[in-house]
Amino acid sequence: MWPSVLKVLSMVDEDGRGPSQAAVDDVKARLATTRESGWDNLFSDVQDFCVAKGIPVPNMDDEIPVRGRSRVEGRTVTNLHHYRAEIFYVAIDKICVEMDHRFSEESNIILNCFSCLDPKNSFSKFNVDKLARLADIYRVDFSDDDRGTIRDQLETYVLQVRRNASFSTCEDVQSLAMKMVQTEKHLVFPLVYKLIELALILPVSTASVERAFSAMKIIKSKLRNKINDVWFNDLMVCYTEREIFKSLNDIDIIRTFTAKKSRKGHLPRNFI
């Protein structure tokens, strides 16, 4: 159960395409089922693991003080309540909240529409109405004339690619985009190709925004709340692209910085 949940939550970052609507719905349904009736199986697995590793298993009927409360109050709960209600249920609820946050109703609609571009099985999922709806959702990228002609272009496009044997080898949207360029269909059907481009860049942009907001919380802490915008932007670039900066040579950076202008101090000769 848990590997499939983590897989769906990380799909946007891994393959650049994002999970299908069916995968999201399946995981949400399994989470609901696990919350309702999954505790016994999980507890049994944990018991077997603890016995195999020699880890003592607490008695679920024993009472313990309520966490976050003063012991003077004398309030207690059983181990069963603590582990099931305060940990198991809370963990699943947080995952559900994250799922709803990442895959909201609007996001699900967009995912469902983009899934119609899937070239597998001779474009079996192709749906003109859903794809034309994307032009309305992304109104900034499509003019009024584009929205008026995109249906005709989609209908002609699907007829041609289904007849073209070279498109039968496409397995995903990425390979479809490459085949469009190779056959110069992106020039014949520019609006369709724009939809394909949006399908490819949307997950990447979403993940990048989430990483940027996470970086902002780390960099602009309470001790740095007066940092200016320029310095803050430079730190954000260094943090979000830290893998690139790790590959840079520190000595090369020092030499470049020193060569910008003359300074009072001089670097040792081995740096020059």
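The protein exposes about 18400 Å² of surface, and carbon and sulfur atoms supply 55% of that area. The model is predicted, and buried residues make up 28% of its 272 residues. The secondary structure consists of 14 helices and two strands. Where contacts join residues at least 6 apart in sequence, 52% of them link residues at least 24 apart.

**Largest nonpolar core**

- The largest nonpolar core holds 33 residues, of which Leu154, Tyr157 and Ile196 touch the most other members.
- At least two residues of this core come from each of helix H5 (105-114), helix H7 (128-137), helix H8 (144-163), helix H9 (173-182) and helix H11 (190-219).
- Helix H11 gives the most to this core, contributing seven residues.
- With neighbours within four places in sequence left aside, Tyr157 is in contact with three phenylalanines, namely Phe123, Phe126 and Phe189.
- Under that same restriction, the contacts of Tyr157 also include Leu176, Met180, Val192 and Ile196.

**Second nonpolar core**

- A second core, separate from the one described above, is made up of ten residues.
- Among the members of this second core are Val24, Val27, Trp39 and Ile92.

**Cysteines**

- A disulfide is a covalent bond between the sulfur atoms of two cysteines.
- Zero disulfides are found when the whole structure is searched.
- Cys116 takes part in no disulfide, and the nearest cysteine sulfur, which belongs to Cys113, is 6.3 Å away.
- That separation cannot count as a disulfide, because the pair of sulfur atoms would have to lie within 2.5 Å.
- Cys116 has a relative accessible area of 3% and is therefore buried, the limit for that class being under 20%.
- Cys96 has a relative accessible area of 25%, so this residue is classed as partly exposed.

**Asp61 and its surroundings**

- Asp61 is located in the loop that runs between helix H3 (39-53) and strand S1 (63-65).
- The relative accessible area of Asp61 is 62%, and the residue is therefore exposed, since the exposed class begins over 50%.
- Asp61 and Val77 are 16 residues apart along the chain, and their C-alpha atoms are separated by 9.1 Å.

Conventions
Residues are numbered from 1 along each chain as its sequence is written. This is a predicted model: local features need pLDDT of at least 70, side-chain atom pairs count only at pLDDT 80 or more; totals for chains, interfaces and linings use all residues. Side-chain values use heavy atoms; hydrogens and water are left out. Helices (H or I, at least four residues) and strands (E, at least two) are DSSP runs, numbered from the N terminus. Buried means under 20% relative accessible area, exposed over 50%, partly exposed in between (1.4 Å probe, protein chains only). Contact means heavy atoms within 4.5 Å. Accessible areas come from the Shrake-Rupley method with a 1.4 Å probe; for residues, only the protein chains shown count as cover. A nonpolar core is a set of buried Ala, Val, Leu, Ile, Met, Phe, Trp, Tyr and Cys residues joined through side-chain atoms within 4.5 Å.
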